[in-house]
Amino acid sequence: MPEVSTKPYLLRAIYEWCTDNGYTPHIAVVVDSRTRVPMQFVKNGEIVLNISFEATSGLKMENEEIRFSARFGGVSRDLLIPVENVIAIYARENGQGMAFEAPTPATAESVQEAPEAEASAPVLSSVPVSEPEQKPAESPDQGGDDPEPPKKGGRPVLTRIK
């Protein structure tokens with residue numbers, strides 16, 4: 001029996017840490033032919049998704065894929081993300097989380113052709129906290145529904161929209 005990757009377990013652990021601490025978990029995903037997301041929100045082949053309890057319905061974080069429903073422009077969509085396509089999971093409020101090595105196109109094709117082949121273990125690195133401009137998952141050109149995080153040292157401001 002092939003060994004299961006640690007990546008889905010780490011994703012679930014960071015998700016739980018975010019929710020336990022009142023943070024909003026987000027994932028950054030590389031989009032390919034196996035990923036089911038609203039394509040109009042994909043930028044540079046990637047999408048950032050809010051996976052909090054409030055933003056999703058029926059979230060299932062399994063070993064091979066993440067499935068849930070979410071609203072985009074008021075329309076509910078069913079999403080499917082292969083775990084290997086997740087490149088980061090982090091808390092929106094402080095940027096803390098974990099980044100993973102992005103899958104290469106050759107890796108994605110070989111997994112499609114031979115799903116029983118053993119996948120290599122992901123290379124892990126931490127998401128930097130002190131320099132927000134270096135956080136790949138928070139840059140403004142990578143997420144359609146990802147609001148700008150609060151600035152350090154300032155007070156949060158509530159904006160009412162009528």
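Start by selecting Val 29 and Val 86: in this predicted model, Val 86 of strand β6 is the bridge partner of Val 29. Widen the selection to residues 86-91 to show the whole of β6, which runs antiparallel to β1 and is joined to it by 5 bridges.

Next, pick out β1 itself, residues 25-30, where 6 of 6 residues are buried. Show the side chains here. In a regular strand, side chains alternate between the two faces of the sheet. Pro 25, Ile 27 and Val 29 point one way from β1, while His 26, Ala 28 and Val 30 point the other way.

Now stay with His 26 and look across to β2: which residue stands opposite His 26 there? You will find Asn 50 in that place. Select residues 46-50 to see β2 in full; β1 and β2 pair in the antiparallel sense, over 5 bridges.

Then zoom out to the protein chain, with its 2 helices and 8 strands. Tracing from the N terminus, you will meet the elements in the order α-β-β-β-β-β-β-β-α-β. Colour by burial, and 36% of the 162 residues count as buried. If you turn on the surface, its accessible area is about 10100 Å², with 53% belonging to carbon and sulfur atoms.

For a last stop, colour by confidence. The mean pLDDT of the protein chain is 78, and 64% of its residues reach 70 or more. Select residues 107-127, where the pLDDT is below 50; this stretch has 25 contacts in the model beyond near neighbours in sequence. Residues 130-143 also have pLDDT below 50, with 26 such contacts.

Methods. Residues numbered from 1 in each chain as written. Predicted model: local features only at pLDDT ≥ 70, side-chain atom pairs only at ≥ 80, totals over all residues. Heavy atoms only, no water. pLDDT = per-residue confidence, 0-100. Contact = heavy atoms within 4.5 Å. Helix = DSSP H or I, 4+ residues; strand = E, 2+ residues; numbered from the N terminus. Buried < 20%, exposed > 50% of the residue type's maximum accessible area, 1.4 Å probe, protein only. Areas by Shrake-Rupley, 256 points an atom, 1.4 Å probe, with all protein chains shown as cover. Pairing = 2+ DSSP bridges.
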